[in-house]
Amino acid sequence: MDFTLTEEQQLLRDSVAGYLGAKYDLESSRAAAKSAAGWQPDVWRGFAEELGILGAALPEDVGGDGGGPIETMVIAEELGRALVVEPFVDTVVLGGGLLAGAGGERASAVLRDIVLGKARVAFASLEADSGAVPLHVGTSARRDGESWVIDGAKVVVVGVPAATHLVVSARTSGGRLDDAGISLFLTEFDASAPPEGVRVHPYRTIDDRAAADLEFTGCRLPADALLGAEGEAGETISAAVDAATAAICAEAVGCLRKVLSDTVEYAKQRHQFGVPIGSFQVLQHRMVDMYIELEQSVAAAHLAAHALTAAPPARARAVSAAKATISRAARFVGQNAVQLHGAMGMTEELAIGHYFKRLTALEREHGTADHHRTRYAHLTRPQPTRA
């Protein structure tokens with residue numbers, strides 16, 4: 001498999017890296033993450049109007065550039081390297097994937113607004129007893145006249161405070177563990193004034209991202225809130241979540257590159273016993289191990305991105321293999337970087353501590369290494385033959 005970027009993809013990478021290097025410093029990013037909003041509207045407008053990355057991988061018929069998974073990977077890696085807090089993956093990759101997969105005029109209208117920087121989407125999918133399986137849905141949706149009525153609860157809905165729209169998965173038929181019978185619903189959303197029947201419980205994740213748990217109690221949505229065909233959203237959800245998982249794998253690679261680079265530089269500058277600590281062979285071996293984990297992660301991220309256009313089983317296997325590999329690397333590289341920096345590694349003043357927190361969150365986001373190893377094993381086990 002050829003992992004070489006095309007000339008256009010290299011230009012995209014250089015453009016994003018140059019823009020972030022000039023206009024996105026760590027201090028303002030951390031301040032934004034800790035603010036009530038949790039993001040920077042001016043930066044988001046810049047992504048739309050100056051860089052054009054919000055539409056880079058979205059269809060041309062909604063104003064996008066018609067790019068694909070590799071363009072998304074390139075962008076996500078640079079955003080990870082700069083520790084960007086704005087909801088690119090949540091809105092463009094996950095939200096955009098759901099809307100494009102479901103189709104329809106309402107979905108297309110929101111996609112156009114995403115490209116213009118006017119819309120941000122949060123996906124309410126996971127539930128308290130669903131683990132990391134987005135198709136284990138207990139939240140219900142039933143028809144009542146010209147409306148849909150939704151009851152249930154969703155957990156760890158990332159990006160809710162910044163969202164202008166909410167996509168909710170709910171079951172319209174079948175049992176909680178059935179893949180079939182799941183539908184998607186789209187509604188405009190404002191966390192400060194949520195729709196009637198919705199309660200928002202906001203909080204911060206370990207890496208200072210804004211998230212919330214949502215309770216739906218008799219929440220009424222109009223008939224046209226339904227996205228796509230009733231009860232047939234399973235594959236749309238699976239494809240969008242796999243695309244988002246591949247994107248955060250690329251984001252993790254960007255974080256890992258920065259963490260390793262900073263650690264090597266620190267080892268050259270920090271002196272002990274009159275010499276740089278980087279001259280100690282045992283620490284050199286440690287950093288070589290970190291480098292190997294990074295290179296494995298790079299290959300895994302490329303494999304996942306290339307497999308997103310494959311058939312669903314092949315796509316799922318590649319994504320799970322990548323996520324398991326990168327979750328392991330995130331823990332190993334992050335923890336060793338902090339140890340090599342000593343107590344400084346966890347201070348607010350040093351970048352390494354912030355990257356470590358993000359890597360810790362990425363290790364679990366969209367499923368842990370154990371979850372994806374189990375999923376991979378399930379997808380590769382021989383199927384019984386019938387006599």
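**Domains and salt bridges in a predicted model**

The C-alpha centres of domain 1 and domain 2 lie 23 Å apart. These values come from a predicted model, in which the chain is divided into domain 1 (7-119), domain 2 (122-230) and domain 3 (234-380). The account below begins with the boundary between the first two of these domains and then turns to individual charged pairs.

Where domain 1 meets domain 2, 21 residues of domain 1 are in contact with 17 residues of domain 2. The size of an interface is often given as the accessible area lost when the parts come together. By that reckoning, domain 1 and domain 2 bury about 1,600 Å² between them, and 58% of this area is on carbon and sulfur atoms. On the side of domain 1, the residues that lose the most area to domain 2 are Asp 90, Leu 98 and Arg 106, which together account for 33% of what that side buries.

Polar groups also take part in this boundary. Six residue pairs are in polar contact between domain 1 and domain 2, with both residues at pLDDT 80 or more. The elements giving two or more residues to the side of domain 1 that touches domain 2 are helix 2, helix 5 (88-102) and helix 6 (105-115). Helix 5 supplies the largest share of that side, namely five residues. Two salt bridges are counted between domain 1 and domain 2. Arg 106 and Asp 224 meet through their side chains in a salt bridge, with an N to O distance of 4.0 Å.

A record also describes part of the chain. UniProt, in an unreviewed entry, places the feature "domain: Acyl-CoA dehydrogenase/oxidase N-terminal" at residues 6-84. Over residues 6-84 the chain is 63% helix and 0% strand, and the C-alpha atoms at the two ends are 25 Å apart.

Charged pairs can now be followed through the whole structure. Side chains of opposite charge can pair when their charged atoms come close. A search of the whole structure finds 25 salt bridges. One of the pairs is formed by Lys 34 and Asp 208, whose closest N and O atoms are 3.0 Å apart. This pair links distant parts of the chain, 174 residues apart: Lys 34 is in helix 2 (residues 26-34), while Asp 208 is in the loop between strand 6 (198-204) and strand 7 (210-222). Lys 34 is partly exposed, with a relative accessible area of 46%, whereas Asp 208 is buried, at 16%.

A second pair joins Lys 154 to Glu 127, with the closest N and O atoms 2.9 Å apart. Lys 154 lies in strand 3 (residues 147-158) and Glu 127 in the loop between strand 1 (121-124) and strand 2 (140-144), so this salt bridge ties together parts that are 27 residues apart in sequence. Lys 154 is buried, with a relative accessible area of 1%, and Glu 127 is buried with a value of 7%.

A further salt bridge brings together the side chains of Arg 331 and Glu 363, at 2.7 Å from N to O. Because Arg 331 lies in helix 9 (residues 312-341) and Glu 363 in helix 10 (residues 351-364), the pair ties together parts that are 32 residues apart in sequence. Arg 331 is partly exposed, with a relative accessible area of 43%, whereas Glu 363 counts as buried at 13% relative accessibility. Elsewhere, salt bridges that share partners join Asp 207, Arg 209, Glu 251, Arg 358 and Glu 365 into one network.

Terms used:
Residues are numbered from 1 along each chain as its sequence is written. This is a predicted model: local features need pLDDT of at least 70, side-chain atom pairs count only at pLDDT 80 or more; totals for chains, interfaces and linings use all residues. Side-chain values use heavy atoms; hydrogens and water are left out. Helices (H or I, at least four residues) and strands (E, at least two) are DSSP runs, numbered from the N terminus. Buried means under 20% relative accessible area, exposed over 50%, partly exposed in between (1.4 Å probe, protein chains only). UniProt positions are given in the numbering used here, feature names are shortened, and annotations may be inferred rather than shown by experiment. Domain bounds come from an automatic or database domain assignment. Contact means heavy atoms within 4.5 Å. Buried area is the accessible area (1.4 Å probe) that two parts lose on being put together, summed over both. A polar contact is a pair of N or O atoms within 3.5 Å; within protein, one must be able to donate a hydrogen and the other to accept it, and residues adjacent in sequence count only if both atoms are side-chain atoms.
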